[in-house]
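Please read the following explanation with the structure open beside the text, and follow each strand and helix as it is introduced.

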Amino acid sequence: MEAIGHAGTSLGILASDGVLLAAERRNTHKLLDEVVFSDKIYKLNDDMACSVSGITSDANVLTNELRVIAQRHLLQYQEDIPCEQLVSVLCDTKQFYTQAGGKRPFGVSILYMGWDKHYGFQLYQSDPSGNYGGWKATCIGNNSAAAVSMLKQEFKEGETKLTDALALAIKVLSKTLDMTKMTPEKCE
């Protein structure tokens with residue numbers, strides 16, 4: 001949990017017409033190659049994406065596992081995996097790593113966004129222990145408590161469209177990030 005608290009901020013907002021993920025980029029070193037620099041938001045399949053906060057190598061392992069799980073389901077059943085089922089399967093793996101001898105827990109929290117024909121647009125959050133839950137708006141990473149507090153005050157359920165969610169995400173990130181001026185290079 002310590003690594004997640006120091007990681008870049010990621011937030012998700014469930015709007016009536018979609019889901020928005022926004023993340024802070026922490027590429028502060030001017031000599032770091034932009035081509036090799038890893039993103040914070042990953043596409044999993046046509047209907048799902050995720051945003052991560054925590055240890056980058058663990059995030060890469062878990063996002064690759066999410067893609068494999070989704071493709072296995074597509075190959076076996078000829079349809080995309082439901083969003084919550086994908087989250088549940090990965091969280092079972094994350095939970096196993098918390099109790100197995102000789103293994104350490106994954107040091108990453110993940111925000112999952114997706115759409116499926118059963119429940120429409122969805123937003124989930126999971127922590128390193130394997131616990132997960134559905135959210136209307138949430139935040140992980142650095143200053144997440146302050147961001148969640150702002151989201152509680154500003155988010156209006158049922159009234160928020162994607163354009164409103166984008167404006168809210170920019171407002172929350174600009175107030176919670178540790179920078180004087182927010183630029184497009186600092187967010188994705």
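**Sheets and the helices on them**

What covers the buried side of helix H2? Its buried residues are covered by elements that include E3, E4, H3 and E5. The model is a predicted one, and everything described below is to be read in that light.

The buried residues in question are Asp 58, Ala 59, Leu 62, Thr 63, Leu 66, Ile 69, Ala 70 and His 73. Seen down the axis of H2, these buried residues fall within an arc of 130°, so they line one face of the helix. The background to this is that an α-helix has 3.6 residues a turn, so residues three or four places apart point the same way. On the face of H2 turned away from the buried side are the exposed residues Arg 72, Leu 75 and Gln 76. The length of the helix can be checked too: at 1.5 Å a residue, the 22 residues of H2 should span 32 Å, and the end C-alpha atoms are 31 Å apart, which agrees. Just after H2, the chain passes through Gln 78, which takes a positive phi of about 60°.

The sheet beneath this helix comes next. It is an open sheet of 5 strands in the order E3-E4-E5-E6-E7, and the pairing is antiparallel. Strand E3 (41-45) and strand E7 (132-134) stand at the edges, and each has a single partner strand, so one side of each is left without a neighbour in the sheet. Ignoring direction, neighbouring strands of this sheet are turned by 25° against each other on average. Within the sheet, strand E4 (residues 48-54) and strand E5 (residues 108-116) pair in the antiparallel sense over 7 bridges, and Ser 53 has Ser 109 in E5 as its bridge partner. Helix H2 (residues 56-77) packs on the sheet and touches E3, E4 and E5, with its direction making about 20° with that of E3. Helix H3 (residues 83-99) also packs on the sheet, touching E3, E4, E5, strand E6 (120-126) and E7, and its direction makes about 160° with that of E5.

A second sheet can now be added to the picture. This open sheet of 3 strands has the order E2-E1-E8, again with antiparallel pairing. Its edge strands are strand E2 (18-23) and strand E8 (137-140), each of which pairs on one side only. Neighbouring strands here are turned by 10° against each other on average, direction ignored. E1 and E2 run antiparallel and are joined by 6 bridges, with Gly 12 standing opposite Leu 21 in E2, and a hairpin through 2 residues joins E1 to E2. On the other pairing, 4 bridges join E1 to E8, which run antiparallel, and Leu 11 stands opposite Cys 139 in E8.

How do the faces of these strands fare for burial? In a regular strand the side chains alternate between the two faces of the sheet. Both faces of E2 are covered, with Gly 18, Leu 20 and Ala 22 buried on one side and Val 19, Leu 21 and Ala 23 buried on the other. Both faces of E8 are covered as well, Ala 137 and Cys 139 being buried on one side and Thr 138 and Ile 140 on the other. Helix H4 (residues 144-154) lies across E1 and E8 and runs at about 170° to E8.

Two residues show these surroundings in detail. Ala 137, in strand E8, is buried with a relative accessible area of 14%. Leaving out residues up to four places away in sequence, Ala 137 touches Gly 12, Ile 13, Leu 123, Leu 151 and Phe 155. The C-alpha atoms of Ala 137 and Val 148 are separated by 7.8 Å, the two residues being 11 residues apart along the chain.

Ser 10 lies in strand E1 (residues 10-15) and counts as buried at 0% relative accessibility. The side chains of Ser 10 and Ser 51 are joined by a polar contact of 2.8 Å, while the side chain of Ser 10 also reaches the backbone oxygen of Val 52 at 3.4 Å. Beyond its neighbours within four places in sequence, Ser 10 is in contact with residues including Ala 22, Ala 23, Ser 51, Val 52, Ser 53, Leu 111 and Thr 138.

How values were computed: Residues are numbered from 1 along each chain as its sequence is written. This is a predicted model: local features need pLDDT of at least 70, side-chain atom pairs count only at pLDDT 80 or more; totals for chains, interfaces and linings use all residues. Side-chain values use heavy atoms; hydrogens and water are left out. Two strands pair if DSSP finds at least two bridges between them. Axes are lines fitted to C-alpha atoms, for helices over the stretch in contact, and angles run from 0 to 180 degrees between N-to-C directions. Contact means heavy atoms within 4.5 Å. The expected span of a helix is 1.5 Å times one less than its number of residues. Buried means under 20% relative accessible area, exposed over 50%, partly exposed in between (1.4 Å probe, protein chains only). The arc is that of the directions from the helix axis to the C-beta atoms. A polar contact is a pair of N or O atoms within 3.5 Å; within protein, one must be able to donate a hydrogen and the other to accept it, and residues adjacent in sequence count only if both atoms are side-chain atoms.
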